[in-house]
Amino acid sequence: MSKSGVTVTPECTATFNELKLRKSFKYIIYKLSDDYTEIVVEEASTDPEWENFQSKILNAKASYKGKEGKGPRFAVYDFQYELDGGEGTRNKIVFISWSPDEGTLVFPRMTYASSKEALKNALNGLGAEVQANNEDEIEYSTILKDISKGKR
């Protein structure tokens, strides 16, 4: 359970294990349930196109007490990239925490922030973490630069 009292559903870890062990998915998007008590799987996809994933994250919505704003989200993306100098291909499972600075309602934003660690702790085998708060931080090239520094 998180600091906010939010729990992680078993589906979250089961779907993550499908991505990690069986490569059944390219990415998973997680969200808080409508009553803000659980982290649930919003979507698990095999779509390899970064732009489609990015669009879903950027266009997510959240509502609270009849108001709607941009929606924070958690995601896991199986990132594949080439090392410089022909050293080969690497895969890294990246945890992305998306919480836009502009247009987000306060309650959803705070609840996501205080629930992040609970989800991360439930997902064993994450290779990197990215915190994104504006659109340029969720660009493919920006994330690639961040995660490929260690060249693992």
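Is Glu117 buried, partly exposed or exposed in this predicted model, and what is its relative accessible area? Glu117 is partly exposed, with a relative accessible area of 41%, and its surroundings are taken up again in the legend on salt bridges.

**View 1. The whole protein chain, with 4 helices and 8 strands.** In this predicted model, the elements of the protein chain follow one another along the sequence in the pattern β-α-β-β-α-β-β-β-β-α-β-α. The C-alpha atoms fill a box of roughly 55 × 30 × 25 Å when the box is taken along the principal axes, and the radius of gyration of the protein chain is 15 Å, which agrees with the value near 15 Å that a compact globule of 152 residues would have. Of those 152 residues, 43% count as buried, while the area that the protein chain exposes is about 8000 Å², with carbon and sulfur atoms supplying 46% of it. Among contacts with a separation of 6 or more, 63% are accounted for by residues that are 24 or more positions apart.

**View 2. An open sheet of 6 strands with mixed pairing.** The strands of this sheet are arranged in the order β1-β3-β2-β6-β7-β8. At its edges stand β1 (7-8) and β8 (128-132), each of which has a single partner strand, so one side of each is left without a neighbour in the sheet. As background, strands of a sheet pair through backbone hydrogen bonds, either parallel or antiparallel.

**View 3. Strand β6 and its pairing with β2 and β7.** Strand β2 (residues 27-32) and strand β6 (residues 73-82) run antiparallel and are joined by 4 bridges; Tyr27 has Tyr77 of β6 as its bridge partner, and Tyr30 stands opposite Phe74 in β6. Strand β7 (residues 89-98) also runs antiparallel to β6, and 10 bridges join these two strands, with Ile93 in β7 being the bridge partner of Asp78. The hairpin of β6 and β7 has 6 residues between the strands, and in this hairpin Gly85 takes a positive phi near 75°. Because 8 of its 10 residues are buried, β6 is largely enclosed by the rest of the structure.

**View 4. The largest nonpolar core, made up of 19 residues.** Within this core, the residues that touch the most other members are Trp50, Phe53, Phe79, Ile96, Ile138, Ile143 and Ile147. At least two residues of the core are supplied by each of β2, α2 (50-58), β6, β7, β8 and α4 (140-147), and the largest share, 4 residues, comes from β6. Another core, of 18 residues, lies apart from this one and includes Leu19, Leu32, Tyr36 and Leu123. In soluble globular proteins, nonpolar side chains tend to be buried together.

**View 5. The contacts of Ile96.** When residues up to four places away in sequence are not counted, Ile96 touches Trp50, Phe53, Arg73, Phe74, Ala75, Tyr77, Val130, Ile138 and Ile143. Trp50, Phe53, Ile138 and Ile143 are, like Ile96 itself, among the residues that touch the most other members of the largest nonpolar core.

**View 6. Salt bridges, including a network of Lys116, Glu117, Lys120 and Glu129.** The count of salt bridges in the model comes to 9. Glu117 and Lys120, which both lie in helix α3 (residues 106-122), are 3 residues apart, about one turn of the helix, and they form a salt bridge in which the closest N and O atoms are 3.4 Å apart. Lys120 also forms a salt bridge with Glu129, where the closest N and O atoms are 2.5 Å apart; Glu129 counts as partly exposed at 37% relative accessibility. Elsewhere in the sequence, Lys31 forms a salt bridge with Asp34, with the closest N and O atoms 3.6 Å apart, and Asp34 counts as exposed at 69% relative accessibility.

**View 7. Ser99, in the loop between β7 and α3.** Where a loop residue might be either buried or exposed, Ser99 is buried, because its relative accessible area is 9% and the cut-off for burial is under 20%. Leaving aside neighbours within four places in sequence, Ser99 is in contact with Pro72, Arg109, Gln131, Ala132 and Asn133.

Note on methods
Residues numbered from 1 in each chain as written. Predicted model: local features only at pLDDT ≥ 70, side-chain atom pairs only at ≥ 80, totals over all residues. Heavy atoms only, no water. Pairing = 2+ DSSP bridges. Buried < 20%, exposed > 50% of the residue type's maximum accessible area, 1.4 Å probe, protein only. Salt bridge = Lys/Arg side-chain N within 4 Å of Asp/Glu carboxyl O. Contact = heavy atoms within 4.5 Å. Rg over C-alpha atoms; globule rule 2.2 N^0.38 Å. Areas by Shrake-Rupley, 256 points an atom, 1.4 Å probe, with all protein chains shown as cover. Core = buried A, V, L, I, M, F, W, Y, C linked by side-chain atoms within 4.5 Å.
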